[in-house]
Amino acid sequence: MDPSADQTPVSPSMSSRRSFLKRVGALGLGASMAGAFGSPLVADTATRTSRAADDSSALTLWTFVDTHARWFKRRAADYQKQVNPHFSLTVRQYPNPPYKQKLLTVLETGVNAPDLCDIEQGMFGSFLQGTVPLVPLEQRLNAGHYLKDLVASREALYAWKGHVYGIEHALTPVVLYYREDYFTRWGIKPTDLATWDDFITVGKTIRKHGVYMTPVDAAIFEPLLRQRGSDIFTARGDLSADSPLAIVTLQWVLDLAFKHGIGKIPAGLSIFAPQAWAEVQKGMYATMIGADWWAGFMADLAPKLSGKWRAMPLPYWPDDKSKRRTSCFGGTGLCMPITSNKALAWDFARFCLLTPVGEVQQFEMIELWPPFIPAWRDKALHKPNAYMGGQDLGAVFAEVGREVPSEYQSPFRPDFETFFGADVPNLYTRKTKPAAFLKAEAARVRAKMKHG
């Protein structure tokens, strides 16, 4: 990459977003990068500042993901050819986690702030404290009739007090990945797993063959809770992490290992740990619960199992009248700071994320299933996936796409996630039970909410 924050779009890279995440996430490099605060991967020169105030054809965009940066540059080249020959885009990519604090700082001061910025859903709550430094987008979305084309539940991720502050990059539908070779060998059909009760029953059969049904990681707690129509916070921003349904759901997750014996706490105490993926490679698990991007994780981290996996909708909860067969896990929104060149920033954001061509191009470069429904029928989204034995994964995502539940924001959601992540080993070692665990975590968050 050009060390002077290149404004020239580059050719698409064959490197996937999951390859990047494998290097800086699953292998634990993110923490080691924390000391690089303020040092962009694409460094600014000392003389380069934000766009000149009178330059109505230039934008600056910030992101923390390399494949997003490449895709935005590709879209910028198309925008220049098709819409505005004078258009230029400066893309600046910074490492995560220092990205969040750097972005919060420039948005608070307004100095050298970008015109557009990616904000990961887990950090978004931090931008809702005090005066929100982002432009509400709901009027623009309504005027363009885009809300009817977006899966509405995904926009809840960037909604707060009646305003929508971001456009989601990905639908992140959660499905059940399963070892097709195991299922065939032991006479199991995907239809045998209609409900989560069935999942346990089949798991007991599989366990007799020396294989665990699934790794038991508390990371699946929130997606399964959202599948049941609840979440950590309510739509009004009230904390609901210790609700009876949340407690029952977390208990159910742990029961897979400690009561039913069909699941296993993964090595390294996290499915994102390299040791856990060594277990996956050895064939220790028959199924895994993950979002659309999980397929790329599997291809990167368990390449020897290519052709053996398939995907299906999630089993539904027996007490769920709607029989919802999916959830959501992850996401990143494109946002517009209040100091931005608003007219141009909005039009470029629309060109990227609210057109079938832009969304299909993003899928081809990043492999994220779009929340923009008009793109779902495009043939490019339905190419056979070699790792999944030639399966049309897009057909599975499209089948459950409209069922993806809402995930709600709060200025204090990052606090809950931080507390939960730090204390979760106590669940795995059985030092605390789910009810006491969630009540304690919720009490800590409520104390912060009370004192601001």
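This is a short walk through the structure, one selection at a time.

**The whole protein**

Start with everything shown as a cartoon, and keep in mind that you are looking at a predicted model. The secondary structure comes to 18 helices and twelve strands. Of the 452 residues in the protein, 58% are buried. Switch on the surface if you like: the accessible area is about 18,100 Å², and carbon and sulfur atoms account for 54% of it. Contacts also reach along the sequence: among those between residues at least 6 apart, 77% join residues at least 24 apart.

**Stop 1: strand β3 and its partners**

Select residues 116–120, which form strand β3. Four of these five residues are buried, so β3 is largely enclosed by the rest of the structure. Now add residues 58–63, strand β1, which runs parallel to β3 and is joined to β3 by two bridges. Showing Leu-61 and Leu-116 is a good way to see this pairing, as Leu-61 stands opposite Leu-116 in β3.

Next add residues 332–335, strand β12. Here the pairing with β3 is antiparallel, with four bridges. Pick Glu-120 and look across to its bridge partner in β12, Thr-332.

**Stop 2: a three-stranded sheet**

Hide those strands and select β7, β10 and β11. They make an open, antiparallel sheet in the order β10-β7-β11. Which strands stand at the edges? They are β10 (287–290) and β11 (309–312); each has a single partner strand, so one side of each is left without a neighbour in the sheet. Look along the sheet to see its twist, which averages 25 degrees from one strand to the next.

Zoom in on β7 (residues 175–179), which four bridges join to the antiparallel β10. Val-175 is found opposite Gly-290 of β10.

Two helices are worth adding. Helix α12 (residues 294–301) packs on the sheet and touches β7, β10 and β11, its direction making about 130 degrees with that of β10. Helix α15 (residues 393–400) lies across β7 and β11, at about 145 degrees to β7.

**Stop 3: a pair of packed helices**

Select residues 413–423 (α16) and 434–450 (α18). Their axes are 10 Å apart and the packing angle is about 145 degrees, with a right-handed crossing. Show side chains at the contact: from α16, Asp-415, Phe-416, Phe-419, Phe-420 and Asp-423; from α18, Phe-437, Leu-438, Glu-441, Arg-444, Val-445 and Lys-448. Colour them by class and you will find six nonpolar, five charged and no polar residues.

**Stop 4: backbone details in the loops**

Most residues other than glycine have a negative phi, and most peptide bonds are trans. The next three selections depart from that pattern.

Go to Asn-96 and Pro-97, where the connecting peptide bond is cis, with omega near 25 degrees. Pro-97 sits in the loop between β2 (88–93) and α4 (98–109).

Then select Lys-161, in the loop between β4 (159–160) and β5 (163–164). Its phi is positive, near 50 degrees. Is Lys-161 buried or exposed? Its relative accessibility is 69%, so Lys-161 counts as exposed.

Finish at Arg-430, in the loop between α17 (425–428) and α18. Arg-430 also has a positive phi, near 65 degrees, and is exposed, with a relative accessible area of 57%.

Technical notes: Residues are numbered from 1 along each chain as its sequence is written. This is a predicted model: local features need pLDDT of at least 70, side-chain atom pairs count only at pLDDT 80 or more; totals for chains, interfaces and linings use all residues. Side-chain values use heavy atoms; hydrogens and water are left out. Axes are lines fitted to C-alpha atoms, for helices over the stretch in contact, and angles run from 0 to 180 degrees between N-to-C directions. A crossing is left-handed if the near helix is turned anticlockwise from the far one by less than a right angle, and right-handed if clockwise. Contact means heavy atoms within 4.5 Å. Ala, Val, Leu, Ile, Met, Phe, Trp, Tyr, Cys and Pro count as nonpolar, Asp, Glu, Lys and Arg as charged, and the others, Gly among them, as polar. Buried means under 20% relative accessible area, exposed over 50%, partly exposed in between (1.4 Å probe, protein chains only). Accessible areas come from the Shrake-Rupley method with a 1.4 Å probe; for residues, only the protein chains shown count as cover. Two strands pair if DSSP finds at least two bridges between them.
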